[in-house]
Amino acid sequence: MAKSHTHAQWSSRMGFVLAATGSAVGLGNIWKFPYMIGQSGGAAFVLVYLACIAMIGLPILVSEWMIGRRGQKNPINTMSEVAAANGRSRNWAVVGATGVLGAFLILSFYSVIGGWALSYMGDMASGSFSGMDKDAVGGAFTAFLADPGSLLVWHSVFMALTVGVVAMGVSGGLERASKLMMPALGILLMVLVAYGTTTGGFGAAVQYLFNPDWSKLDGKVVLAALGHAFFTLSLGMGIMMAYGSYLGQDVNLLRTARTVVLMDTVIAIAAGLAIFPIVFANGLDPAAGPGLIFVTLPLAFGNISGGLVLGTIFFLLLTFAALTSAISLLEPVVELVEERTPLSRLGATAVAGMATWALGIAALLSFNVWGDVLIFGLNIFDLLDQLTSKFLLPLTGLGAIVFAAWYLDRDSVRKELGLSAGAFGVWSFVARFVAPAGVLIVFVSNL
């Protein structure tokens with residue numbers, strides 16, 4: 001039995017901007033984006049990425065916020081009611097449903113990785129990696145993954161932190177946590193960047209990140225930029241629709257979206273300026289991918305002066321980035337449970353959190369006890385990752401932009417965005433044709 005209640009609202013535009021940026025800034029920004037820049041032609045990749053953000057990421061972000069603000073409910077009910085209000089089929093609710101499902105599945109394995117960051121923060125602070133060689137650091141990570149007990153403890157702690165924040169509500173939980181963690185994340189990043197300037201590897205890092213190598217700019221690089229532009233902004237997960245449902249009419253969607261995109265990109269590039277000076281100064285491999293975080297960097301921190309403090313700061317930064325994304329992933333699920341059942345905010349968060357935590361156990365067991373359990377040739381962790389990134393997210397994002405661009409009343413959209421007739425013509429072309437085509441390319445290339 002659903003219940004009626006007053007829908008929560010963000011207390012300020014800045015609180016909303018920090019929460020939305022916190023959702024966008026996750027583990028991918030800290031290691032994946034800088035790594036992609038280096039592998040894909042430096043500044044050439046950055047320029048293509050920014051063009052993709054403008055043409056695909058920004059229109060979908062604005063569309064999800066707009067739909068959410070109009071519906072003022074969880075993503076499923078929002079899609080259903082906004083569609084009905086515009087004379088369309090309520091079956092559009094499936095777009096909201098795939099988004100909420102995507103968020104739920106992603107958080108289950110994302111929490112496992114968040115637990116790794118928490119564990120490594122403790123290991124760094126205790127000096128566990130001091131003096132270790134490459135084989136020892138790699139062996140420590142392998143042993144950690146093989147220990148289901150340790151993985152369960154840290155997954156549980158991370159999930160408990162996430163539930164604790166979300167249970168406190170929109171302004172008291174999501175907004176307050178973002179106002180604390182995002183500035184702290186920025187300060188920690190600046191400390192690491194400042195240290196990077198003293199390592200002797202800063203020049204090489206700047207060259208790696210910003211020197212355009214146009215010879216590397218091919219279809220594969222453009223596809224990588226296209227894909228990251230879509231995934232980095234937490235699109236297609238029901239998150240931005242849920243966040244939009246807490247927005248008042250006074251917030252300018254386009255201007256706010258530009259701010260979030262800019263902050264997300266600046267933090268990702270700053271992460272590169274923090275990480276790669278340490279990598280280059282120590283003669284390490286910048287293309288180590290996921291291993292960069294849990295093998296390459298602990299090796300560096302364990303063998304440099306002040307590494308214990310710097311390593312602890314880095315993994316605290318990584319934990320904050322994971323946590324701001326995790327609370328946003330839990331929110332659409334909690335909003336749905338709260339609105340569709342008699343449960344209070346606290347009860348809805350507990351139920352959603354327990355369900356996500358339980359699925360996360362299956363994901364963490366795929367590294368050890370259930371390592372031989374394969375579905376479509378994938379272990380459970382990889383299956384959850386592939387199912388969401390290759391199917392649910394692109395299809396949900398595509399549904400949201402197509403609905404907003406083709407099925408909402410054009411005059412009302414133009415007024416809501418505050419655009420002149422000419423500017424709205426450009427917006428319509430991008431939203432109707434360019435952004436959907438971009439998402440389709442991402443979807444097909446992923447297959």
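A charge is said to sit over a ring if NZ of Lys or CZ of Arg is within 6 Å of the ring centre and within 35 degrees of the ring normal. The exercises below concern a predicted model.

**Exercise 1. The surroundings of Trp-406**

Task: Identify the residue whose charged end sits over the ring of Trp-406, and describe the aromatic pair that Trp-406 forms with Phe-433.

Solution.
Step 1. The charged end belongs to Arg-432, and its distance from the centre of the Trp-406 ring is 4.0 Å.
Step 2. The whole structure contains 30 aromatic pairs. In the one formed by Trp-406 and Phe-433, the ring centres are 5.5 Å apart and the planes make an angle of 90°. Planes over 60 degrees apart count as edge-to-face, and the pair of Trp-406 and Phe-433 is accordingly edge-to-face.
Step 3. The pair links distant parts of the chain: Trp-406 belongs to helix H16 (residues 380-407) and Phe-433 to helix H18 (residues 421-446), with their positions 27 residues apart.
Step 4. The relative accessible area is 36% for Trp-406, so this residue is partly exposed. Phe-433 has a value of 44% and is therefore partly exposed.

**Exercise 2. An aromatic cluster**

Task: State which residues form one aromatic cluster with Trp-116.

Solution.
Step 1. The Phe members are Phe-109, Phe-129, Phe-141, Phe-144, Phe-294, Phe-301, Phe-314, Phe-315, Phe-367 and Phe-381.
Step 2. Tyr-120 completes the cluster, together with Trp-116 itself.

**Exercise 3. The largest pocket**

Task: Determine how much space lies in the largest pocket, and characterise its lining by position, helix and class.

Solution.
Step 1. The space in the largest pocket amounts to about 1,500 Å³.
Step 2. Its lining comprises 48 residues; nearest the centre lie Gly-28, Trp-31, Lys-32, Asp-385 and Ser-389.
Step 3. Helices that each supply at least two lining residues include H1 (13-24), H2 (27-39), H5 (93-125) and H10 (219-231). H13 (291-301), H14 (307-340), H16 and H18 also each supply at least two.
Step 4. Sorted by class, the lining of this pocket has 25 nonpolar, 18 polar and five charged residues.

**Exercise 4. The cavities**

Task: State how many cavities of 30 Å³ or more the structure holds, and describe the largest and the second largest.

Solution.
Step 1. There are three cavities of 30 Å³ or more.
Step 2. The volume of the largest cavity is about 80 Å³. Helix H3 (43-71), H16, helix H17 (410-417) and H18 each give at least two residues to its lining, and H18 provides the largest share, four residues.
Step 3. Among the residues that line the largest cavity are Ser-63, Met-66, Ala-404, Arg-410, Phe-424 and Trp-427. The classes in this lining are eight nonpolar, two polar and two charged residues.
Step 4. The second largest cavity has a volume of about 40 Å³. Its lining consists of Met-124, Gly-127, Ser-128, Phe-129, Ser-130, Phe-301, Gly-302, Gly-307 and Leu-308. These divide into four nonpolar and five polar residues, with no charged residue. Phe-129 and Phe-301 are also members of the aromatic cluster of Exercise 2.

**Exercise 5. Two buried residues and their contacts**

Task: Locate Ser-178 and Leu-284, and give their contacts beyond four places in sequence.

Solution.
Step 1. Ser-178 is part of helix H8 (residues 170-196). Its relative accessible area is 2%, under the 20% limit, and Ser-178 is therefore buried.
Step 2. The contacts of Ser-178 beyond four places in sequence are Leu-18, Ala-19 and Pro-183.
Step 3. Leu-284 occupies the loop between helix H12 (253-281) and H13. With a relative accessible area of 18%, Leu-284 is also under the 20% limit and so counts as buried.
Step 4. Beyond four places in sequence, Leu-284 contacts Val-279, Thr-296, Leu-299 and Ala-300. Between the C-alpha atoms of Leu-284 and Leu-297 the distance is 8.7 Å, at a sequence separation of 13 residues.

**Exercise 6. Positive phi in loops**

Task: For Ser-234 and Phe-376, give phi, and decide whether each residue is buried or exposed.

Solution.
Step 1. Ser-234, a residue other than glycine, has a positive phi near 60°. It lies in the loop between H10 and helix H11 (239-244). Its relative accessible area of 5% means that Ser-234 is buried.
Step 2. Phe-376, likewise not a glycine, has a positive phi near 55°. The loop between helix H15 (345-365) and H16 contains Phe-376. The relative accessible area of Phe-376 is 78%, over the 50% limit, so Phe-376 is exposed.

Key:
Residues numbered from 1 in each chain as written. Predicted model: local features only at pLDDT ≥ 70, side-chain atom pairs only at ≥ 80, totals over all residues. Heavy atoms only, no water. Phe/Tyr/Trp six-rings, centres within 6.5 Å; stacked < 30°, edge-to-face > 60°. Buried < 20%, exposed > 50% of the residue type's maximum accessible area, 1.4 Å probe, protein only. 1 Å grid on protein atoms, 1.4 Å probe; cavity = no way out; pocket = protein on both sides within 12 Å on 5 of 7 lines; lining within 4 Å. Points joined across faces, edges and corners; volume = space filled by probe spheres on them. Nonpolar A, V, L, I, M, F, W, Y, C, P; charged D, E, K, R; others polar. Contact = heavy atoms within 4.5 Å.
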